[in-house]
Amino acid sequence: SWLDRYFFAPNLWQKLLAFALLPLSFFYALIAVCSTKFKKKVKFNAPIISVGNLTLGGNGKTPVCKAIAHLFAEQKRVFIVLRGYKRKSKGLIVVKNGGEILCDVRQSGDEAMEYAFDERIFGVIVSENRVAGIEKALNLGATLVLLDDGFSKSFIQKFDILLESAQKPRFAFTLPSGAYRLPACFAKKADFVAREGRDFVRHSTTKENPKAILVTAIAKPFRLYEHFIKARACYFFADHYEFQKNELETLLKKHHCDTLMLTFKDFVKVREMGLKCQLIELDIELKDEFKRAIIAYVENFR
């Protein structure tokens with residue numbers, strides 16, 4: 001997309017635009033930094049792990065959160081707490097408790113529903129107020145809470161994991177000149193900086209299918225590059241896009257195909273449409289040093 005090129009591989013005109021917007025980036029950074037200050041510190045008597053990033057989405061928060069949850073699934077009641085971006089609801093909603101999913105994807109958002117379908121995750125809560133979300137999870141019996149995208153919530157005492165993508169933005173500027181949501185120097189505040197390729201590795205697989213079209217609405221579709229040639233055609237939509245059955249049927253008919261090739265994040269939004277789907281499986285391998293750091297933190301609460 002134009003934004004991908006602007007942030008990661010800008011041409012001359014995009015570079016000039018980035019520098020022209022630096023005054024706005026300065027004010028954005030000032031507001032973002034101030035929003036992390038002046039809040040009363042909140043401490044919980046349970047392990048709280050945050051998985052976040054400094055740049056715009058697509059760095060792997062959801063699969064890394066799932067991998068951490070799997071690490072403790074047999075010993076802990078793991079709850080995921082997240083904002084529920086682009087959901088058609090407000091306030092605190094318990095998406096999953098135990099083995100029961102309690103709402104639909106429109107109320108939860110696609111990422112929360114992806115977590116909910118994972119059998120090894122005990123509970124999922126969406127809430128703009130993360131403190132309220134954590135409190136609800138603990139009241140429901142959580143013994144470990146994972147915050148999806150909670151790095152900026154510095155007033156919550158937690159173990160902060162900061163994800164670093166293998167591909168970094170061209171400029172270390174905050175929005176709109178660069179892709180950073182907080183100044184790059186905030187990386188020093190993390191308890192563990194997890195770099196893709198060093199601390200965790202993605203494994204993505206699916207079969208070649210000439211009767212499928214690849215359709216996705218993830219933040220960085222270029223991460224699926226290796227699978228582009230496995231489908232007859234590829235279509236990319238904005239992150240968290242809400243698919244319509246008729247438009248998907250039109251695309252399938254256009255290419256004389258009968259199958260949608262999807263990530264699980266996309267699948268949860270189309271699973272009730274009655275369309276044939278083929279999943280792109282994504283697994284995250286956590287390296288030993290990364291796992292040891294997480295386990296050491298959690299064991300402090302025994």
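This report walks through some helices, salt bridges, surface residues and backbone details of the structure above.

## Before you start

What you're looking at is a predicted model, where local features need pLDDT of at least 70, side-chain atom pairs count only at pLDDT 80 or more, and totals for chains, interfaces and linings use all residues. Numbering runs from 1 along each chain as its sequence is written, and side-chain values use heavy atoms, with hydrogens and water left out.

## Two helices with two faces

Let's begin with H3, a helix covering residues 22-35 (helices are DSSP runs of H or I with at least four residues, strands are runs of E with at least two, and both are numbered from the N terminus). H3 has 14 residues and spans 20 Å from first C-alpha to last, close to the 20 Å expected at 1.5 Å a residue (the expected span is 1.5 Å times one less than the number of residues). Ser25, Ala29 and Ala32 are buried in H3 (buried means under 20% relative accessible area, exposed over 50%, partly exposed in between, with a 1.4 Å probe and protein chains only). Looking down the axis of H3, these buried residues fall within an arc of 70°, so they line one face of the helix (the arc is that of the directions from the helix axis to the C-beta atoms). Turn to the face pointing away from that buried side and you'll find the exposed residues Leu24, Phe26 and Ile31.

Now try H10, residues 288-299. This helix has 12 residues and reaches 16 Å between its first and last C-alpha, close to the 16 Å expected at 1.5 Å a residue. Its buried residues include Phe290, Ile294, Tyr297 and Val298. They sit on the same side of H10 because they cover an arc of only 100° around the axis. The exposed residues Glu289 and Arg292 are on the face turned away from the buried side of H10.

## Salt bridges

The whole structure holds 16 salt bridges (a side-chain nitrogen of Lys or Arg within 4 Å of a carboxyl oxygen of Asp or Glu). Glu164 is a good one to click on: this residue is buried, at 17% relative accessible area. Lys168 pairs with Glu164 in a salt bridge, with 3.8 Å between the closest N and O atoms, and Lys168 itself is partly exposed at 47%. Arg195 also forms a salt bridge with Glu164, at 3.0 Å from N to O. Arg195 belongs to strand S8 (residues 192-195) and Glu164 to strand S7 (residues 159-164), so this pair ties together parts that are 31 residues apart in sequence. Arg195 counts as partly exposed, at 34% relative accessibility.

Next door in sequence, Glu196 makes a salt bridge to Arg223, with the closest N and O atoms 3.2 Å apart. Glu196 is in the loop between S8 and strand S9 (200-205), while Arg223 is in the loop between strand S10 (212-216) and strand S11 (233-236), so the pair ties together parts that are 27 residues apart in sequence. Glu196 is buried at 16% relative accessibility, whereas Arg223 is partly exposed at 22%. Elsewhere, a network of salt bridges links Lys88, Arg106 and Glu242.

## A nonpolar patch

On the surface, Trp2, Leu3 and Leu17 make a nonpolar patch of about 280 Å². Patches are built from residues with over 30% relative accessible area and no salt bridge, joining like charges within 9 Å and nonpolar side chains (Val, Leu, Ile, Met, Phe, Trp, Tyr) within 5 Å. The areas come from the Shrake-Rupley method with a 1.4 Å probe, and for residues only the protein chains shown count as cover. Trp2 is part of helix H1 (residues 2-8) and is partly exposed, at 42% relative accessibility.

## Two buried strand residues

Thr259 is in strand S12 (residues 259-262) and is buried, with a relative accessible area of 2%. The side chains of Thr259 and Asp258 share a polar contact of 2.7 Å.

Gln278 is in strand S13 (residues 277-279) and is buried at 13% relative accessibility. Gln278 and Lys207 are 71 residues apart in sequence, yet 8.6 Å apart in space, C-alpha to C-alpha.

## Backbone details

Leu175 and Pro176 are joined by a cis peptide bond, with omega about 0°. Pro176 is in the loop between S7 and S8.

Lys86, in the loop between strand S2 (78-82) and strand S3 (93-97), has a positive phi near 70° without being a glycine. Asp149 isn't a glycine either, and its phi is positive at about 65°; Asp149 is in the loop between strand S6 (144-148) and S7.

Notes:
A polar contact is a pair of N or O atoms within 3.5 Å; within protein, one must be able to donate a hydrogen and the other to accept it, and residues adjacent in sequence count only if both atoms are side-chain atoms.
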